[in-house]
Amino acid sequence: MDSQKKIVIKSGSKSIKGFLNDSKTSDNIWDSLPLESSVNTWGDEIYFSIPVINEEENPQATVDLGDIGYWPPGNAICLFFGLTPISVEGEIKPASPVNIIGKMVGDMEELKLINSGDVISIRRFDQE
């Protein structure tokens with residue numbers, strides 16, 4: 001959590017903090033912040049298109065709870081806070097491999113209250 005690329009993700013009154021890792025994909029996204037988009041949901045995954053185009057970079061077919069991914073086919077950020085429709089017990093599976101670009105920290109339960117069509121934003125978080 002020593003990353004200097006701290007972010008906050010907000011939708012309405014709901015928010016969660018996170019950080020971006022050290023990868024080319026996350027650097028491109030960091031340089032594009034702040035970003036705002038309309039949400040899509042897929043099980044316990046939120047994804048939304050962003051104006052950042054990046055190719056696959058160490059793509060992962062399974063992810064961990066709290067991972068933030070970038071989905072190259074949709075130019076989308078994906079927030080993983082539970083099982084997707086194609087997950088199997090104990091394994092979170094995106095629709096297709098994603099670049100892991102960061103991690104959310106804190107209580108992710110509020111993310112379950114975000115619906116398709118809601119507006120979401122990601123911005124840099126100034127250290128407290």
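Where does Asn 75 lie? In this predicted model, Asn 75 is found in the loop between S6 and S7. Its phi is near 45°, a positive value in a residue other than glycine, and with a relative accessible area of 23% it is partly exposed, because that class covers the range between the buried limit of 20% and the exposed limit of 50%. Another asparagine, Asn 58, also has a positive phi, of about 50°, although it is not a glycine. Asn 58 sits in the loop between S5 and S6, and its relative accessible area of 64% makes it exposed. A further backbone feature concerns the peptide bond from Leu 33 to Pro 34, which is cis, with omega near 5°; Pro 34 belongs to the loop between H1 and strand S3 (35-38).

**The nonpolar cores**

The largest nonpolar core has 25 residues, and those with the most contacts inside it are Ile 9, Ile 29, Ile 46 and Leu 79. The elements that give two or more residues to this core include helix H1 (24-32) together with strands such as S1 (6-11), S2 (14-20) and S5 (45-49). Strands S6 (67-71), S7 (76-80), S8 (99-105) and S9 (119-124) also give two or more residues each. Apart from this core lies another, of five residues, among them Cys 78, Phe 80, Ile 92 and Val 98.

Which residues does Ile 46 touch, if those up to four places away in sequence are not counted? Its partners include Val 39, Asn 40 and Thr 41, then Ile 77, Cys 78, Leu 79 and Phe 81, and also Leu 111, Ile 114 and Ile 120.

**Two cavities**

A search of the whole structure finds two cavities of 30 Å³ or more. The largest holds about 50 Å³ of space, and its lining consists of Ile 9, Lys 10, Ser 11, Lys 14, Ser 15, Ile 16, Glu 110, Leu 111 and Ile 114. By class, these lining residues are four nonpolar, two polar and three charged, and S1 and S2 each supply at least two of them.

The second largest cavity contains about 30 Å³ of space, and it is lined by Ile 7, Ile 9, Leu 20, Ile 29, Ile 68, Ile 77, Leu 79, Ile 101 and Ile 122. The elements that give two or more residues to this lining are S1 and S7. How many residues of the lining of the second largest cavity are nonpolar, polar and charged? The division is nine nonpolar, no polar and no charged. Ile 9 appears in the lining of the largest cavity and in that of the second largest, and Ile 9 is also among the residues with the most contacts inside the largest core.

**Four residues in closer view**

The table gives the place of four residues and the relative accessible area of each.

| Residue | Place | Relative accessible area |
|---|---|---|
| Ser 26 | helix H1 | 0% |
| Gly 18 | strand S2 | 2% |
| Ser 11 | strand S1 | 4% |
| Asp 22 | loop between S2 and H1 | 74% |

Is Ser 26 buried or exposed? Ser 26 counts as buried because its relative accessibility of 0% is under the 20% limit. The side chain of Ser 26 reaches the backbone oxygen of Asn 21 at 2.5 Å, and, when residues up to four places away in sequence are left out, Ser 26 touches Lys 5, Leu 20, Asn 21 and Ile 101.

Ser 11 is buried as well, with a relative accessible area of 4%, and its side chain reaches the backbone oxygen of Val 119 at 2.8 Å. Leaving aside neighbours within four places in sequence, Ser 11 is in contact with Ile 114, Asp 118, Val 119 and Ile 120. Ser 11 is also one of the residues that line the largest cavity.

Gly 18, buried at 2% relative accessibility, has its C-alpha atom separated by 5.9 Å from that of Lys 6, although the two residues are 12 residues apart along the chain. With neighbours within four places in sequence set aside, Gly 18 is in contact with Lys 5, Lys 6 and Ile 7, and also with Lys 103, Met 104 and Val 105.

Asp 22, by contrast, is exposed, because its relative accessible area of 74% is over the 50% limit. The C-alpha atoms of Asp 22 and Lys 6 are separated by 12 Å, and these residues are 16 residues apart along the chain.

Notes:
Residues numbered from 1 in each chain as written. Predicted model: local features only at pLDDT ≥ 70, side-chain atom pairs only at ≥ 80, totals over all residues. Heavy atoms only, no water. Core = buried A, V, L, I, M, F, W, Y, C linked by side-chain atoms within 4.5 Å. Buried < 20%, exposed > 50% of the residue type's maximum accessible area, 1.4 Å probe, protein only. Contact = heavy atoms within 4.5 Å. 1 Å grid on protein atoms, 1.4 Å probe; cavity = no way out; pocket = protein on both sides within 12 Å on 5 of 7 lines; lining within 4 Å. Points joined across faces, edges and corners; volume = space filled by probe spheres on them. Nonpolar A, V, L, I, M, F, W, Y, C, P; charged D, E, K, R; others polar. Polar contact = N/O pair within 3.5 Å; in protein donor to acceptor, adjacent residues only side chain to side chain.
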